[in-house]
Amino acid sequence: MGTINISKKFTAKQKSYIPALLVGMRITLKRFIQGFFFRKHDTIMYPEQRRKYSDRFRGMHFISVDPNKTENCTACYLCETVCPADCIHIVADEREEENNPYGVKKEKKPVSFDIDALRCCFCGFCEEACPKDAIKLSGNYELAVSSREEAIYDLDHLKRNMNGRQEKL
Ligand code: SF4
Ligand code: SF4
């Protein structure tokens, strides 16, 4: 059985391409005049200039720490369980109380805590599920990496000094 070509035939005007070219050149010239003479740009000079994102924007994860630089995470696995993308992997162990003199007693600690940012859909479920306010999503949207391995955040990376979305950056 043969196929039926239902596409419309090009008109002579469309075939010439010249009207479409002129329209494109008019837009380019308009943008050039706006930018060069009136300094009106639709783009910004990133990274010198940055856009203000909403406080609700969900960016790179981090794990909050207490004054003793001990992670607030108690390795309860709630975030790993709730994660729809299966991108959190935790290995737990016992935590000695004397290693945490400033915080509340924490019975468990994460020995390893990995988040695969390439699988993450930044839904924020982990942040909502955490009973210790340990895992949080920051306002940081600069997530570019040069290899897949670099996109797997380990505990040291997650414990770096960052601010949450509601806090001043
Ligand atoms: S933001 Fe969502 S997808 Fe990403 S780690 Fe948290 S729960 Fe998983
Ligand atoms: S980050 Fe929060 S939810 Fe996840 S294991 Fe640690 S304490 Fe539990």
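These are my notebook entries on the two ligands, the nonpolar core and a few backbone details of a predicted model.

**Entry on ligand 1**

I began with ligand 1 and looked up which residues lie around it: there are 13 of them, and the closest are C83, C120, C123, G124 and C126. I then sorted this shell by class and noted eleven nonpolar and two polar residues, with no charged residue among them. As for where the ligand is placed, I found that ligand 1 sits in the second largest cavity of the model.

**Entry on ligand 2**

I went through ligand 2 in the same order, and here too I counted 13 surrounding residues, of which C73, C76, Y77, C79 and C130 are the closest. The shell around ligand 2 divides into twelve nonpolar residues and one polar residue, and again I found no charged residue in it. The cavity in which ligand 2 sits is the largest one.

**Entry on the nonpolar core**

Next I turned to the largest nonpolar core, which has 23 residues, and I wrote down C79, I88, F113, I115 and I135 as those with the most contacts inside it. I then asked which elements each supply at least two residues of this core, and the list is β2 (88-94), β3 (108-116), β4 (135-137) and α5 (155-158). I add the general remark that in soluble globular proteins nonpolar side chains tend to be buried together.

C79 drew my attention because it turns up in two of my entries, being one of the closest residues to ligand 2 and also one of those with the most contacts inside the core.

I followed I115 further and, leaving aside its neighbours within four places in sequence, found it in contact with H61, C87, I88, I135, A151, I152, Y153 and L158. Two of these partners, I88 and I135, are themselves listed with I115 among the residues with the most contacts inside the core.

**Entry on the backbone**

Last, I checked the backbone for unusual geometry, and noted that the peptide bond from Y46 to P47 is cis, with omega near 10°. P47 belongs to the loop between α2 (18-38) and β1 (61-63).

For A75 I noted a positive phi of about 50°, although this residue is not a glycine. A75 is in the loop between β1 and α3 (78-82), and I recorded it as buried, with a relative accessible area of 0%.

D133 also has a positive phi, near 50°, and it too is a residue other than glycine. I located D133 in the loop between α4 (125-129) and β4.

How values were computed. Residues are numbered from 1 along each chain as its sequence is written. Chains are lettered from A and ligands numbered from 1 in the order in which they are written. This is a predicted model: local features need pLDDT of at least 70, side-chain atom pairs count only at pLDDT 80 or more; totals for chains, interfaces and linings use all residues. Side-chain values use heavy atoms; hydrogens and water are left out. A residue is near a molecule or strand if one of its heavy atoms lies within 4 Å of it. On a 1 Å grid over the protein atoms alone, a cavity is a set of points where a 1.4 Å probe fits but cannot get out, and a pocket is an open set with protein on both sides within 12 Å along at least five of seven lines; lining residues have an atom within 4 Å of a point. A molecule sits in a cavity or pocket if more than half of its atoms lie within 2 Å of its grid points. Ala, Val, Leu, Ile, Met, Phe, Trp, Tyr, Cys and Pro count as nonpolar, Asp, Glu, Lys and Arg as charged, and the others, Gly among them, as polar. A nonpolar core is a set of buried Ala, Val, Leu, Ile, Met, Phe, Trp, Tyr and Cys residues joined through side-chain atoms within 4.5 Å. Buried means under 20% relative accessible area, exposed over 50%, partly exposed in between (1.4 Å probe, protein chains only). Helices (H or I, at least four residues) and strands (E, at least two) are DSSP runs, numbered from the N terminus. Contact means heavy atoms within 4.5 Å.
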